[in-house]
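This report describes one protein model, going from the overall fold to individual residues. Please keep the sequence and the 3D view at hand while reading.

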Amino acid sequence: MFEWIRFGIVVLFLFGGVIAACCAVYGVYRFHFVLNRMHAAAIIDTLALLLVIIALIICSGLSFQMLKLLLVLGFLWFASPVSSHLISRLEVESEQEIVRKECEVEKR
């Protein structure tokens, strides 16, 4: 009986992770501006990653694999925002259209 409850919890977490990833894909295709796309992908990506890794931790139980999954989660949680920030900063510095759009918004 306990295995079925655990299986149900794992399925719920995996389903939540898939839904969050689908929201990220929708956000990437919905927005037109590069930085908005990156924001949608980066924010939802961390939630989807959390839910899927929690499902894997519940599935594996208390073992050494749980520690490895937590380390992977921690590494990806630190690496993903940093890489998104650096890519968006590169986009802002290299794209002149962004500067013109910001100046137009400030004039209004």
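The sections below cover the fold, the nonpolar core, selected residues of the second and third helices, and the first helix.

## Overall fold

The model is predicted. Its secondary structure consists of four helices and zero strands, and the order along the sequence is α-α-α-α. Helix H1 covers residues 2–30, helix H2 covers 34–60 and helix H3 covers 64–94.

Of the 108 residues in the protein, 19% are buried. The accessible surface is about 8,200 Å², and carbon and sulfur atoms account for 73% of that area. Among contacts with a sequence separation of 6 or more, 62% link residues 24 or more positions apart.

## The largest nonpolar core

Which residues make up the largest nonpolar core? The set has five residues in all: Leu-49, Ile-53, Ile-57, Leu-69 and Leu-73. Helices H2 and H3 each supply at least two residues of this core. H2 provides the largest share, with three residues.

Two members of the core can be followed through their contacts. Leu-49 touches Leu-73, another core member, and also Trp-77 and Leu-76, when residues up to four places away in sequence are not counted. Ile-57, in helix H2, is in contact with Met-66, Leu-69 and Leu-70, leaving aside neighbours within four places in sequence. Of these partners, Leu-69 is also listed in the core.

Why does Ile-57 count as buried? Its relative accessibility is 14%, and the cut-off for buried is under 20%. From Ile-57 to Leu-70 there are 13 residues along the sequence, and the C-alpha to C-alpha distance is 8.2 Å.

## Other positions in H2, H3 and the loop between them

Ser-84 is a residue of helix H3. With a relative accessibility of 19%, Ser-84 counts as buried, because the limit for that class is under 20%. Leaving aside neighbours within four places in sequence, Ser-84 is in contact with Met-38 and Ala-42. Both of these residue numbers fall in the range 34–60 of helix H2.

Gly-61 sits in the loop between H2 and H3. Gly-61 also has 19% relative accessibility and counts as buried. Its C-alpha atom is 9.8 Å from that of Arg-6, although the two residues are 55 residues apart along the chain.

Ile-43 is another residue of helix H2. Is Ile-43 buried or partly exposed? At 49% relative accessibility, Ile-43 counts as partly exposed, since the exposed class begins over 50%. Ile-43 and Ala-24 are 19 residues apart in sequence, with 8.1 Å between their C-alpha atoms.

## Side-chain pairs in H1

How many salt bridges does the structure hold? The count is one. The partners are Arg-6 and Glu-3, with 3.8 Å between the closest N and O atoms. The cut-off for a salt bridge is 4 Å, so this pair falls within it. Both residues belong to helix H1 and are three residues apart, which is about one turn of the helix. Arg-6 counts as partly exposed at 24% relative accessibility. Glu-3 counts as partly exposed as well, at 48%.

The number of aromatic pairs is also one. The pair consists of Trp-4 and Phe-7 and is edge-to-face, with 6.1 Å centre to centre and 85° between the planes. Trp-4 and Phe-7 are separated by about one helical turn because they are three residues apart in helix H1. Trp-4 has 65% relative accessibility and so counts as exposed.

## Nonpolar patch on the surface

Which residues form a nonpolar patch on the surface? Met-1, Ile-5 and Ile-9 do, and their accessible area together is about 330 Å². Ile-9 is located in helix H1. The relative accessibility of Ile-9 is 35%, so this residue counts as partly exposed. That value also meets the patch requirement of over 30% relative accessible area.

Note on methods
Residues numbered from 1 in each chain as written. Predicted model: local features only at pLDDT ≥ 70, side-chain atom pairs only at ≥ 80, totals over all residues. Heavy atoms only, no water. Patch = residues over 30% accessible without salt bridge, like charges linked within 9 Å, V, L, I, M, F, W, Y side chains within 5 Å. Areas by Shrake-Rupley, 256 points an atom, 1.4 Å probe, with all protein chains shown as cover. Salt bridge = Lys/Arg side-chain N within 4 Å of Asp/Glu carboxyl O. Buried < 20%, exposed > 50% of the residue type's maximum accessible area, 1.4 Å probe, protein only. Core = buried A, V, L, I, M, F, W, Y, C linked by side-chain atoms within 4.5 Å. Contact = heavy atoms within 4.5 Å. Phe/Tyr/Trp six-rings, centres within 6.5 Å; stacked < 30°, edge-to-face > 60°.
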